[in-house]
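Got your viewer open? Let's take a short walk through this model, one selection at a time.

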Amino acid sequence: MTHPKPSLNRRQVLAAAAGGAAAVGAPALFSSSAFAQDRFPSRAITLIAPWPAGGASDGVMRAIAESGSRALGVPIVVDNRPGVGGTLGAAAMVNARPDGYTLTQLPLGIYRLPHMQNMPFDPIKDLTHVVCLVGYTFAITCTPDAPFKTIQEMVAYAKANPGKLEYGHTGTGTTPHLAVEEFAEKAGIKLNPIPYKGSAELVPAILGGHIRVMSGTLDVAPHVESGKLRLLATLGSQRAKAFPNVPTVKESGWDTISESPFGIGGPAGMDPAVVKVLHDGFRKTLEDPALISALDKFYMPAIYMNTADYTAYAQRTFLAEKATVERLGLAKKT
């Protein structure tokens, strides 16, 4: 959808006129893009975090906002809007002004859920993908008394007991669910998936012995380090920084990689000059020791993509998620 560009207010018009004489001989300096870049940002930016306050995702978004405010020179205010699988930020962009002052985190679910249910936004047509910054690390974890100690032993156990090995995940259609289903398909095993409403329910369930295996993020790292849980494998393209001795699923023999990059986006129709200012400012946050410390605290890797690469990634992912959802029989009915 298209959005009208914001018009200049009276003060901006007068300021531009006052500088008219200086612009003689160098009119290119006062092109619309240059003007937008020179004037932006001049006030606080709202950054929507589509998760509850206090969690790992919220913590990283607040660290990005603090670092980004220093880089861009204006306050960045985090607005928590949890619910609907982390898609409320993307939905808010549909009616937001494309002036760069209202932004949102773009989690992977925005490319998947539109294939599963009707959503009020199109992740390609209704959004500007500004920059990708971070990602989640997913892992397969078990209780210490489970009858297997490696991912290979788990597969052997599942083959000997088809459909009897349960695993918990963070909700039907989420990445921790679909990643394990893809892995199970390639490994030739049948598992019994048990959905929970999120990590807040899932982690206590496995710690309490209600399930033996779970698929989720590395929020469980403290329990692994204390010996309460065992980390079988991670699902990224590389080993987790915090657990360099734990193999990935792919290097264990099954070509399954599930990474969940997320970045910053805005409404469709944003001025390219404004997008560049935002990209450059948020890109600097990845050089900020305070943000790197926050990423390490929450076991999240930095995953950088510039505007063009992030846009191309979104287009590829939207198509790939459609194929995955259809293969698993989770596509919405037409």
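Start with the lining of the largest pocket: its residues divide into 16 nonpolar, 17 polar and five charged. Keep in mind that this is a predicted model. The largest pocket has a volume of about 910 Å³. Of the 38 residues that line it, select Trp 51, Ser 57, Thr 170, Gly 198 and Ser 199, which are the closest to its centre. Now colour the helices α3 (56-72), α5 (109-116), α7 and α8 (199-207), since each of them supplies at least two residues of that lining.

Stay with one of those helices, α7, by selecting residues 175-187. How far apart are the end C-alpha atoms of this helix? They are 18 Å apart, which agrees with the 18 Å that 13 residues should span at 1.5 Å a residue. Next, show the surface around α7. Eleven of its 13 residues are buried, so the helix is largely enclosed by the rest of the structure. Among the buried ones are His 177, Leu 178, Glu 181, Glu 182 and Phe 183. Then step just past the end of α7 to Gly 188, which takes a positive phi of about 70°.

Next stop: strand β5, residues 138-142. Is it enclosed or open? Five of its five residues are buried, so β5 is largely enclosed by the rest of the structure. Turn on the side chains here. In a regular strand they alternate between the two faces of the sheet. In β5, Phe 138, Ile 140 and Cys 142 point one way, while Ala 139 and Thr 141 point the other way.

Now look for the partners of β5. One is β8 (residues 213-217), paired in the antiparallel sense over five bridges; click on Ala 139 and you'll find its bridge partner Gly 216 there. Another is β9 (residues 230-234), also antiparallel, over four bridges. Here, Ile 140 has Ala 233 as its bridge partner.

Finish at the open sheet of six strands, which you can trace in the order β2-β1-β3-β10-β4-β11, with mixed pairing. Which strands sit at the edges? They are β2 (76-80) and β11 (302-305), each pairing on one side only. Turn the sheet slowly and look for the twist, which averages 25° from one strand to the next. Last of all, select β1 (residues 45-49): five bridges join it to β2, and the two run parallel. Click on Ile 48 and look across to β2, where Asp 79 stands opposite.

Note on methods
Residues are numbered from 1 along each chain as its sequence is written. This is a predicted model: local features need pLDDT of at least 70, side-chain atom pairs count only at pLDDT 80 or more; totals for chains, interfaces and linings use all residues. Side-chain values use heavy atoms; hydrogens and water are left out. The expected span of a helix is 1.5 Å times one less than its number of residues. Buried means under 20% relative accessible area, exposed over 50%, partly exposed in between (1.4 Å probe, protein chains only). Two strands pair if DSSP finds at least two bridges between them. On a 1 Å grid over the protein atoms alone, a cavity is a set of points where a 1.4 Å probe fits but cannot get out, and a pocket is an open set with protein on both sides within 12 Å along at least five of seven lines; lining residues have an atom within 4 Å of a point. Grid points are joined across faces, edges and corners, and a volume is the space filled by probe spheres set on the points. Ala, Val, Leu, Ile, Met, Phe, Trp, Tyr, Cys and Pro count as nonpolar, Asp, Glu, Lys and Arg as charged, and the others, Gly among them, as polar. Axes are lines fitted to C-alpha atoms, for helices over the stretch in contact, and angles run from 0 to 180 degrees between N-to-C directions.
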